[in-house]
Amino acid sequence: MMKKIMIIDDNEDILDIFKRLLVDKGFGVSIANNGTAGIELFKGESVDIVITDIDMPWMGCFGC
């Protein structure tokens with residue numbers, strides 16, 4: 001069974017790089033370009049791993 005990875009980041013270049021690398025390795029990939037979209041996407045999808053930026057506008061962060 002293909003593993004599904006969700007990537008949440010506000011940087012489009014990072015999303016593109018991660019998506020291309022992971023798809024080339026055979027993973028299913030979902031992406032969201034902000035925290036709010038990521039939360040909504042996560043509610044509707046079953047994923048094995050979530051990779052997220054720790055600092056996204058409007059979402060707060062650790063140590064800010």
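Here are three short exercises on this predicted model, each with a worked solution.

Residues are numbered from 1 along each chain as its sequence is written. Because the model is predicted, local features need pLDDT of at least 70 and side-chain atom pairs count only at pLDDT 80 or more, while totals for chains, interfaces and linings use all residues; side-chain values use heavy atoms, with hydrogens and water left out.

**Exercise 1. Work out which pattern the chain follows along the sequence, and how β1, α1 and β2 fit together.**

Step 1: Start with the inventory. The chain has 2 helices and 3 strands (DSSP runs numbered from the N terminus: helices are H or I with at least four residues, strands are E with at least two).

Step 2: Read along the sequence and you get β-α-β-α-β.

Step 3: Look at the pairing. Strands β1 (residues 4–8) and β2 run parallel, joined by 5 bridges (DSSP must find at least two bridges for a pair). I7 has I31 as its bridge partner in β2.

Step 4: Add helix α1 (residues 12–24), and β1, α1 and β2 make a right-handed β-α-β unit (with the strands pointing away from the viewer, the path from the first strand over the helix to the second runs clockwise).

**Exercise 2. Check the length of α1 against its expected span, then find what caps its N-terminal end.**

Step 1: The expected span is 1.5 Å times one less than the number of residues. For the 13 residues of α1 that should be 18 Å, and the end C-alpha atoms are 18 Å apart, so the two agree.

Step 2: The cap is N11, with a side-chain oxygen 2.9 Å from the backbone nitrogen of D13.

Step 3: After α1 comes G26, with a positive phi near 95 degrees.

**Exercise 3. Decide whether S30 and K4 are buried or exposed, and what links their side chains.**

Step 1: Place them. S30 lies in β2 (residues 28–32), and K4 is in β1.

Step 2: S30 has a relative accessible area of 7%, so S30 is buried (under 20%; exposed is over 50%, partly exposed in between, with a 1.4 Å probe and protein chains only). K4, at 26%, is partly exposed.

Step 3: Zoom out to the strand: 4 of the 5 residues of β2 are buried.

Step 4: List contacts (heavy atoms within 4.5 Å). Beyond four places in sequence, S30 touches K4, I5, M6, I7, L41 and E45.

Step 5: The side chains of K4 and S30 make a polar contact at 3.2 Å (a pair of N or O atoms within 3.5 Å; within protein, one must be able to donate a hydrogen and the other to accept it, and residues adjacent in sequence count only if both atoms are side-chain atoms).
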